[in-house]
Amino acid sequence: MGIVTPGFTGRRRDSSTDLPPGQYLTRDFPVLSAGPTPKVALDKWEFTITNETGDVHRWDWAALHALPTRQVTVDLHCVTRWSKLSTTWEGVALDDLFEGIETAADYASVLSYGGYTTNLPLEDLLDGQAWIAYTYEGDDLAPEHGGPARLLVPHLYLWKSAKWVRGITLTLQDQPGFWESLGYHNYGDPWREQRYWGD
Amino acid sequence: MAAVSEVRVETATARTLVLDVPGWPGHDAGQHVDVRLTAPDGYTAVRSYSIASVVAEHGAPTVGPGASTITDGDRIEITVEPVVDGEVSSYLAGVAAAGDELEVRGPIGGWFAWRPAQTEPVQLIGGGSGVVPLMAMVRARTAAASSAPFRLLYSTRRPQSVIYRSELERRAADGLPFTLVYTRSAPPGWARPPGRIDAALLAATTFAPDEAPTCYVCGPTPFVEAVADQLLAAGHDPGRVRTERFGGQS
């Protein structure tokens, strides 16, 4: 236990809920982005997966929607300490997108419209752990929350769930992304409280 | 580990806390700290606050505008506006007093930051307590004797809610182009009726896109969304618009 702050009692919200260490519950959906919200026209939208030899797989908006729609209900954990429980999304499983992709790579670099990047091990994108999401609570995903489509990797801190996602590049070497180069943890597991470098 | 050494009243609700943090490694203007409070039964709560002060470097002025906000190496200042139902902000802005101990971790964040090596024009646009990291940048510019052109546009609800008013007026008199916008009520005789920042005001008071400023926009999420959209519509390069949003958090 840390030093006691005189006169501080706190509000004790929902202490029965099992949250990752250092998180608190919110019912809002806060927005955190490093720059302006990009506006991406659906007729120009595309998503690509590029393997380590440079082979590119491409989906336009219609092709993405031609894949099976998965509905998932997941908890979100933001490194700024809010958690939001039982959020429902629809989108495409990365497992379906990776069907037929040849790769020996271990790492993925995610690129967004607007230039944002994040990195994670490829295995964290597979086996029912990640989606390209295009609806939130039944509505089209709003631009400030990453619409038209964002990556959703809810077992890691939310900065890994890149908004406005436009592609994934597979690499043999791990390449730190935007926040990962600015002091935030390279992996970002909320249950191990991997917020910053050195955690 | 940090100790509150002084609490300054900024407005009816906002307070600046001066914190002694032994071993503080220094920071860039715009960075923030995590403040952790611990209750007697072990309950803890942590929130992030922008650092308002700059740390003195060799050669930094110790007199003149803002000198009091250039702190020695182990001291930082945060300015806290309490949010509704905010367990940490209401404690810091309402209860904390000189001598109290709390825990501080930082500095954190390297994107929404200004460094003296930057020489391009800098457009600062703040809403409410979003002015805090922008104030740190203005102070850092002075401390570093930088000649980078700065402009500040600060939107707040009403005259009583202006944080750092006397310092901002002093800096404006010393040449900082500074525009205050009231959204709810303005003093008698104020030229612009109360209202949000719009395209005409941006065109009249901020650096034009062809001057290629780096824009720092900080405030509540709807404010930042609206201002950033207007900057892009005016022709600013999205890569030169840096944002920091708050809201939905307490």
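Chain B of this predicted model has five helices and 13 strands. The radius of gyration of chain B is 18 Å, close to the 18 Å that the globule rule gives for 250 residues, so chain B is as compact as a globular protein of that length. Chain A, for its part, has two helices and eleven strands, and from the N terminus on its elements follow the order β-β-β-α-β-β-α-β-β-β-β-β-β. For the 199 residues of chain A, a compact globule would have a radius of gyration near 16 Å, and the value of 18 Å for chain A agrees with this. The table sets out further overall values for the two chains.

| Chain | Box of the C-alpha atoms along the principal axes | Residues that count as buried | Contacts with a separation of 6 or more that join residues at least 24 apart |
|---|---|---|---|
| Chain B | roughly 55 × 40 × 35 Å | 46% of 250 residues | 73% |
| Chain A | roughly 60 × 35 × 30 Å | 36% of 199 residues | 63% |

**Strand pairing in chain B**

Strand S8 of chain B, residues 101-108, takes part in two pairings described here. Strand S1 of chain B, residues 2-9, pairs with S8(B) in the antiparallel sense over two bridges, and within this pairing B:Ala2 stands opposite B:Leu102. S3(B) also pairs with S8(B) in the antiparallel sense, over four bridges, and here the bridge partner of B:Val35 is B:Val104 in S8(B).

**Helices of chain B**

Helix H2 of chain B, covering residues 131-143, has 13 residues and reaches 18 Å from its first C-alpha to its last, close to the 18 Å expected at 1.5 Å a residue. H2(B) is mostly covered, with 13 of its 13 residues buried. Just after this helix, B:Ala145 takes a positive phi of about 50°.

Helix H5 of chain B, residues 221-234, should span 20 Å for its 14 residues at 1.5 Å a residue, and the distance of 20 Å between its end C-alpha atoms agrees with that expectation. The buried residues of H5(B) are B:Thr221, B:Phe223, B:Val224, B:Glu225, B:Val227, B:Ala228, B:Gln230 and B:Leu231. An α-helix has 3.6 residues a turn, so residues three or four places apart point the same way. The cover over the buried residues of H5(B) includes strand S9 (122-127), strand S10 (150-156), helix H4 (199-205), strand S12 (214-220) and S13 of chain B. Just after H5(B), B:Gly235 takes a positive phi of about 110°.

B:Ser166 lies in helix H3 of chain B, which covers residues 165-173. This serine is exposed, having 9 other C-beta atoms within 10 Å. B:Ser166 and B:Glu10 are 156 residues apart in sequence, while their C-alpha atoms are 9.7 Å apart in space.

**The open sheet of chain A**

In chain A, five strands form an open sheet in the order S3-S2-S11-S6-S7, and the pairing is mixed. Its edge strands are strand S3 (56-60) and strand S7 (117-121) of chain A, each of which pairs on one side only. Neighbouring strands of this sheet are turned by 15° against each other on average, with direction ignored. At one edge of the sheet, strand S2 of chain A, residues 46-50, and S3(A) pair in the antiparallel sense over five bridges, and A:Thr48 stands opposite A:Arg58 in S3(A).

**Where the two chains meet**

At the interface, 37 residues of chain B are in contact with 34 residues of chain A. On the side of chain B that touches chain A, at least two residues each are supplied by strand S3 (32-38), strand S4 (44-50), helix H1 (87-94), strand S8 (101-108), helix H5 (221-234) and strand S13 (241-246) of chain B. The largest share of this side, five residues, comes from H5(B). By residue class, the side of chain B that touches chain A divides into 16 nonpolar, twelve polar and nine charged residues.

Several elements described above therefore come up again at this interface: S3(B), S8(B) and H5(B) are among the elements of chain B that each supply at least two residues to the side touching chain A.

How values were computed:
Residues are numbered from 1 along each chain as its sequence is written. Chains are lettered from A and ligands numbered from 1 in the order in which they are written. This is a predicted model: local features need pLDDT of at least 70, side-chain atom pairs count only at pLDDT 80 or more; totals for chains, interfaces and linings use all residues. The expected span of a helix is 1.5 Å times one less than its number of residues. A residue is buried if 20 or more other C-beta atoms lie within 10 Å of its own, exposed if 12 or fewer, and partly exposed in between; C-beta atoms are placed from the backbone. Two strands pair if DSSP finds at least two bridges between them. Axes are lines fitted to C-alpha atoms, for helices over the stretch in contact, and angles run from 0 to 180 degrees between N-to-C directions. Two residues are in contact if their C-beta atoms, placed from the backbone, lie within 7 Å. Ala, Val, Leu, Ile, Met, Phe, Trp, Tyr, Cys and Pro count as nonpolar, Asp, Glu, Lys and Arg as charged, and the others, Gly among them, as polar. The radius of gyration is taken over C-alpha atoms; the globule rule is 2.2 Å times the number of residues to the power 0.38.
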